[in-house]
Amino acid sequence: MQAGRRTLEAGAPHGHPPRPCLKFRPLLRQPRGPMRLSAYFLPLLRENPSEAQIVSHRLMLRAGMIRQSSAGIYSWLPLGLRVLKKVERIVREEQDAAGALELLMPTIQPAELWQESGRYEDYGKEMLRITDRHERAMLYGPTNEELITDIFRDSIKSYRDLPKNLYHIQWKFRDEVRPRFGVMRGREFLMKDNYSFDLDVKGAKHSYFKMFFAYLRTFARMGLRAIPMRAETGPIGGDLSHEFIVLAETGESQVFCDRAWLESEILDMAVDYDSDLEPQFLRWTSLYAATGDIHDAKACPVPEDRLVTARGIEVGQIFYFGTKYSAPMKAVVAGPDGEPVPVEMGSYGIGVSRLVGAIIEASHDEAGIIWPESVAPFKVGLVNLRAGDRRCVAAADDLYARLTRAGVEVLYDDRDDSPGAKFAAMDLIGLPYQLVVGPRGLDKGVVELKKRAGGARQELSPEAALTLLGGG
RNA sequence: CGGGGCGUAGCUCAGCCUGGUAGAGCGCCAGCUUUGGGAGCUGGAUGCCGGAGGUUCGAAUCCUCUCGCCCCGACCA
């Protein structure tokens, strides 16, 4: 390794000659890092772009989270990407906790696999077909059942290797006829999809139940009330399926459920994934909830005065589909008796990029986004109201340095702008806490801490603010 | 895929009907004054008027074609 390189990694202050350093030292977050708005990339829009019709789309554009590249295809700007990564992380943690194993499959897949399953024709124009230079038919994956089944059958030959549950978080492309609503219905979208493989129906159901509860936990951690609803299985096929629906005016799905769902707590609970989950599953699904596709007004068990008809956003769906792919694709294992058995499969999807929009739909006000802390791009927005004032700069710089050092995620508005503009910007991007440093407060030795949700403010000493925010 | 709408400055939009050579507000740049909820004044920069073809002395404006985007419906994580 070269000396110059090492210097960079050691984070030597500029202007000082690099000290010899033989041991690698990790680069710490630097107090003068790029999370100052003066250095950040946050292109805010003051007005609503005309193409955006729903609130999440408008706010994502206005808050500088995304930019459209073409219909249904978006770039994620720094602020948006931070949220996407946080959502992704929660999804990953809950998958891991439920025993799923992460891998990563490619976006581009060979057509042969899809011809084998019979879906190459069935999928129609939604599948983006590509021809490579050798005239080989390829496609941009809209989902991965074929590919995962191929990987599975290549390597898993015995019932002793079951069960398996494999997932990845990867970009998908579905050439929707009508992309809309920003990231809620993009053509390109980030999805967590996983696939379970079991020897028999009992095992497959257990896998299904595990994902059922992993999903409830995942959405609850994002502050979402996602109701599991009985759903049609669609082109993926199978016979047991639930959609996880967040109720919202702007949702695309017509749904029906028992009023009790709305009165229940956010659906979070501890789960022992090794236990028999069926009783718990039956309890959770005893309360009526169904998507419009399968709801039958005549057969509905819920009396009319308890039935809620609403619109909802589908943030996830789980399927048990038996041997639909394993049989035609010959994903078989040797059973205990040595005879080949096609494996029982399920697949499970969460729209990761869609969730970002869904969270905004569920949590915003007139002024902008209100991020739940778990997915907020930063925890704290530190605002210096008077960029030209030495005292304010010193106080705000100090808070920024100490919070950052303590690992608190801070976005520091150090720009020279009017107070109103700064408040409006902070409200728009919706960080959970706003820490305001101004001359008026400093005269009294205080700073102001405002919670974005609810808008409660309190004046307190900088030390107290640090303690409260976890930087003390 | 059916139906509708819109493409003019970074954003929101006017101008088009009735052709005469490009506008406003916000934003951006410079300066000064301001500063606790989107500040004021002064000066400045920015457009292949989505693209191609046509009509015309002359096209943002009229005609034809085309591309893109949005909305409603049917379909979907």
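Reader: Why are α3 and α7 called roughly antiparallel to each other?

Author: In this predicted model, helix α3 (residues 78-97) and helix α7 (residues 201-221) pack at an angle of about 150°, with their axes 9 Å apart. Angles over 145 degrees count as roughly antiparallel, and α3 and α7 are therefore described in that way. The crossing in which α3 passes α7 is right-handed.

Reader: What makes the contact between α3 and α7?

Author: From α3 come Ile90, Val91, Glu93, Glu94 and Gln95, while α7 supplies Met211, Ala214, Tyr215, Arg217, Thr218 and Arg221. Sorted by class, the contact of α3 with α7 has five nonpolar, two polar and four charged residues.

Reader: Why are α2 and α10 called roughly perpendicular to each other?

Author: The angle at which helix α2 (residues 55-62) packs with helix α10 (residues 352-362) is about 105°, and their axes are 8 Å apart. Since angles of 65 to 115 degrees count as roughly perpendicular, α2 and α10 are therefore given that description.

Reader: Which residues of α2 and α10 meet, and how does their contact divide by class?

Author: Val55, Ser56, Leu59 and Met60 in α2 meet Val356, Gly357, Ile360 and Glu361 in α10. This contact of α2 with α10 has five nonpolar, two polar and one charged residues.

Reader: What makes Gln68, Gly441 and Arg457 polar contacts of RNA strand B?

Author: A polar contact is a pair of N or O atoms within 3.5 Å, and each of the three can be set against that cut-off. For Gln68, a polar side-chain atom lies 3.3 Å from a sugar or linking oxygen of RNA strand B. For Gly441, a backbone N or O atom lies 2.8 Å from a base oxygen of the strand, and for Arg457 a polar side-chain atom lies 2.7 Å from a base oxygen.

Reader: Which elements give two or more residues to the surface near RNA strand B, and which gives the largest share?

Author: The elements are β1 (66-70), β13 (307-322), α12 (419-429), α13 (439-443) and β22 (447-451). The largest share, six residues, comes from α12.

Reader: How do you know which classes of residue make up the surface near RNA strand B, and which parts of the strand lie within 4 Å of the protein?

Author: A count by class gives twelve nonpolar, twelve polar and 19 charged residues. Of the 43 residues around the strand, Arg46, Arg178, Arg185, Glu314 and Asp427 come nearest. On the RNA side, 51% of the atoms within 4 Å of the protein belong to sugar or phosphate, and the rest belong to bases.

Note on methods: Residues numbered from 1 in each chain as written. Chains lettered and ligands numbered in written order. Predicted model: local features only at pLDDT ≥ 70, side-chain atom pairs only at ≥ 80, totals over all residues. Heavy atoms only, no water. Near = heavy atom within 4 Å. Polar contact = N/O pair within 3.5 Å; in protein donor to acceptor, adjacent residues only side chain to side chain. Helix = DSSP H or I, 4+ residues; strand = E, 2+ residues; numbered from the N terminus. Nonpolar A, V, L, I, M, F, W, Y, C, P; charged D, E, K, R; others polar. Axes fitted to C-alpha atoms, helices over the stretch in contact; angles between N-to-C directions. Parallel < 35°, antiparallel > 145°, perpendicular 65-115°, else oblique. Left-handed = near helix turned anticlockwise from the far one by under 90°. Contact = heavy atoms within 4.5 Å.
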